[in-house]
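Student: I've got a model open and would like to talk it through. Can we go step by step?
Tutor: Sure, bring it up and ask away.

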Amino acid sequence: MKIRFYQNIDGYRWIGFFIAMVSVFVLSSANPNTQWLGWGLSVISCGIWIHIAWKDKDPARTLMELMYLALSIRAVINWF
């Protein structure tokens with residue numbers, strides 16, 4: 001098993017992390033009027049993390065993020 005050490009983490013990862021944190025904050029507020037926004041931000045964050053996982057050649061993480069992306073899109077559609 002190859003262990004990757006990231007000495008130089010690019011800003012793209014930080015943007016994905018920040019958007020994910022904001023989406024969790026919005027979703028955890030338990031306000032039904034903003035749930036769609038939290039799930040929408042989750043879709044954006046998942047897209048970023050899918051790209052990063054694909055670039056890192058990490059199929060397990062890519063598939064996990066694809067599954068979460070599909071469920072996030074489903075949640076946005078359900079809120080509308």
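Student: How much area does the protein expose, and what share of it do carbon and sulfur atoms supply?
Tutor: Accessible areas here come from the Shrake-Rupley method with a 1.4 Å probe, and for residues only the protein chains shown count as cover. On that basis the protein exposes about 6000 Å². Carbon and sulfur atoms supply 72% of that area.

Student: Before I go on, what kind of model is this, and what is its mean pLDDT?
Tutor: This is a predicted model: local features need pLDDT of at least 70, side-chain atom pairs count only at pLDDT 80 or more, and totals for chains, interfaces and linings use all residues. Residues are numbered from 1 along each chain as its sequence is written, and side-chain values use heavy atoms, with hydrogens and water left out. pLDDT is the predictor's confidence in each residue, from 0 to 100. In this protein 89% of the residues reach 70 or more, and the mean is 85.

Student: In what order do the elements run from the N terminus?
Tutor: Helices (H or I, at least four residues) and strands (E, at least two) are DSSP runs, numbered from the N terminus. The protein has three helices and zero strands. So, with helices and strands defined that way, the order reads α-α-α.

Student: Which helix has the highest confidence?
Tutor: At the low end sits α3, with a mean of 87. The highest mean is 91, and it belongs to α2.

Student: Which residues are linked in a network of salt bridges?
Tutor: A salt bridge is a side-chain nitrogen of Lys or Arg within 4 Å of a carboxyl oxygen of Asp or Glu, and the structure holds three. Asp 56 pairs with Arg 13 at 3.1 Å, N to O, and with Arg 61 at 2.8 Å. Arg 61 also meets Asp 58, at 3.5 Å. The linked residues are Arg 13, Asp 56, Asp 58 and Arg 61.

Student: How many residues apart are Asp 56 and Arg 13?
Tutor: Their side chains meet in a salt bridge. Asp 56 is in the loop between α2 (35–55) and α3 (59–79), while Arg 13 is in helix α1 (residues 11–27). The pair links distant parts of the chain, 43 residues apart.

Student: Is Arg 13 buried or exposed?
Tutor: Buried means under 20% relative accessible area, exposed over 50%, partly exposed in between (1.4 Å probe, protein chains only). Its partner Asp 56 has 13% relative accessibility and counts as buried, whereas Arg 61 is partly exposed at 21%. Arg 13 has 12%, so it is buried.

Student: Which residues does Ser 45 touch, leaving out those up to four places away in sequence?
Tutor: Ser 45 is in helix α2 and is buried, with a relative accessible area of 4%. A polar atom of its side chain lies 3.2 Å from the backbone oxygen of Gly 16. With contact meaning heavy atoms within 4.5 Å, Ser 45 touches Gly 16, Ile 19 and Ala 20.

Student: Where does Phe 80 lie?
Tutor: At 71% relative accessibility, Phe 80 counts as exposed. As for its place in the chain, Phe 80 lies in the segment after α3.

How values were computed
Polar contact = N/O pair within 3.5 Å; in protein donor to acceptor, adjacent residues only side chain to side chain.
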